[in-house]
Amino acid sequence: MERFPHVPREAVLKEDLLRTGIAFDESALSDNLDGDVKPKSYFIFSFDQKPLAELGEAARRRPPEEIALTGGPYGLRRTIVSVRVNPGSPYRVDRGDDGALRLSLDDLPIASVVLPPMPEYYRHTLANGKTVMETAPTIQWGYLVYLTVLRLCQYFGAKEECGFCDINHNWRQHKREGRPYTGVKPVADVLEALALIDRYDTDRVSKAYTLTGGSVTTTVDGLAEADFYGRYAQAIEERFPGRWIGKVVAQALPRADVQRYKDYGITIYHPNYEVWDKRLFELISPGKERYVGREEWHRRILDAADVFGPRFVIPNFVAGVEMASPFGFETIDEAIASTTEGLDFFMSRGVTPRFTTWCPEPTTPLGRDNPDGAPLEYHIRLLEAYREALARHGLKPPPGYGVAGAGNAVFSVSSFMDTLDPDEVTIEEAIPS
Ligand code: SF4
């Protein structure tokens, strides 16, 4: 915080929590769906730094989905952080002598903690008994409905799966523990869960949905990728026209397929490029290289900008994996220079990437070899580089993320929104005039 005084303190702490994980005292866990705290839904990846079987009480009583930090010796403005459990972390959430929840670092209290309240829509089940939490969980303090409609990726095994991704392992571990965890979510279930959210989210906190899951290299239910994910968008938009901003995270597909997403009613497209450097992309995302190829992936991102409008194509990269051994950059300078080159490539064409802070999950090749993730300094300098790149290209925060700025941001898996000046780009503003 002292070395980077122009980066909000909230963002510095949030990055460290995301890369390190948090230990939870039993008094800070939820009572699953029976209590007053919104439990962690495991909405796509595990985002934990130990396997479920080693989480102790946190495997029986889920931790909260997110935490909100305020106050403490740094006078933090409200900061929403996604929960990544790590029983060995120096960061711990427990209760102080006064009974109030707090976050401490090596036993020194550093912030007050508020847990997310159980939303009313989680208290209702579908007619077939499935829960809303499993079918249509919400994250980002309720802003985003996260629809992982395909819990598996068809990139399979070491030669195809992305080196940081535990989607397939996470599916296996939840099944092994006997948790409900649906591989392919029926469209009717998704609609029913959304109807419950629409009915009980009376304050209209939920503003967007993301359709996602693994890559489809053949077919699922007889459908190729654009039609598989598109059928959900079509059904949602027919039933709830304009109720939420529709987003899809998928492979970079040819223009005709991307057009179908748009026609089905999707507003924002995330063809995630994961890591910029050519050598690292081939090594870290071998499935993407094999089925599409890096240059073609980038070309398709730009083609998609013609279809959706550049502000509505928001490719993600996983911040930190470019520093992971054995392949990654050895210095922070090199890693930041490489990623900045990627930011300039896209932003000079009006496309605004965003990022997720890498969580070194232990069952992935990169997490196994790098249990401490990337250096905190890298993450902080990346926030600076991102902010400078946006300014260099005259761009505002990406649309569909709520209000930017420390104290406002709800995006919980990176602090890039916490780092920007207070601003909100609405969907209407992002449409070229
Ligand atoms: S494309 Fe890569 S990151 Fe996405 S689900 Fe498949 S293996 Fe995971």
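Strands β4 (residues 91-95) and β5 (residues 101-105) are joined by 5 bridges and run antiparallel. Helices (H or I, at least four residues) and strands (E, at least two) are DSSP runs numbered from the N terminus, and two strands pair if DSSP finds at least two bridges between them. The model is predicted: local features need pLDDT of at least 70, side-chain atom pairs count only at pLDDT 80 or more, and totals for chains, interfaces and linings use all residues. Residues are numbered from 1 along each chain as its sequence is written, and side-chain values use heavy atoms, with hydrogens and water left out.

**Hairpins**

Between β4 and β5 lie 5 residues, and the two strands form a hairpin. R95 stands opposite L101 in β5. Strand β5 is also joined to β6 (residues 108-114), in the antiparallel sense, by 4 bridges. Here L103 faces A111 in β6. The hairpin of β5 and β6 has 2 residues between its strands.

**Backbone angles**

Most residues other than glycine have a negative phi, and most peptide bonds are trans. The table lists residues with a positive phi.

| Residue | Place | Phi |
|---|---|---|
| G99 | turn of the β4 and β5 hairpin | about 85° |
| D106 | hairpin of β5 and β6 | near 50° |
| Y42 | loop between β1 (23-24) and α2 (57-60) | about 55° |

A cis peptide bond, with omega about 10°, joins S325 and P326. P326 is in the loop between β12 (316-319) and α11 (332-347).

**The sheet of 5 strands**

An open sheet with mixed pairing has 5 strands in the order β7-β8-β9-β10-β11. Its edge strands, β7 (138-139) and β11 (268-270), each pair on one side only. Within the sheet, β9 (residues 208-213) and β10 (residues 245-249) run parallel and are joined by 4 bridges. Helix α6 (residues 225-239) packs on the sheet and touches β8 (144-150), β9 and β10, where contact means heavy atoms within 4.5 Å. The direction of α6 makes about 155° with that of β9; axes are lines fitted to C-alpha atoms, for helices over the stretch in contact, and angles run from 0 to 180 degrees between N-to-C directions.

**The ligand**

The residues around the ligand, each with a heavy atom within 4 Å of it, are C153, Y155, E161, C162, F164, C165, I167, G214, S215 and K288. This shell divides into 6 nonpolar, 2 polar and 2 charged residues; Ala, Val, Leu, Ile, Met, Phe, Trp, Tyr, Cys and Pro count as nonpolar, Asp, Glu, Lys and Arg as charged, and the others, Gly among them, as polar.
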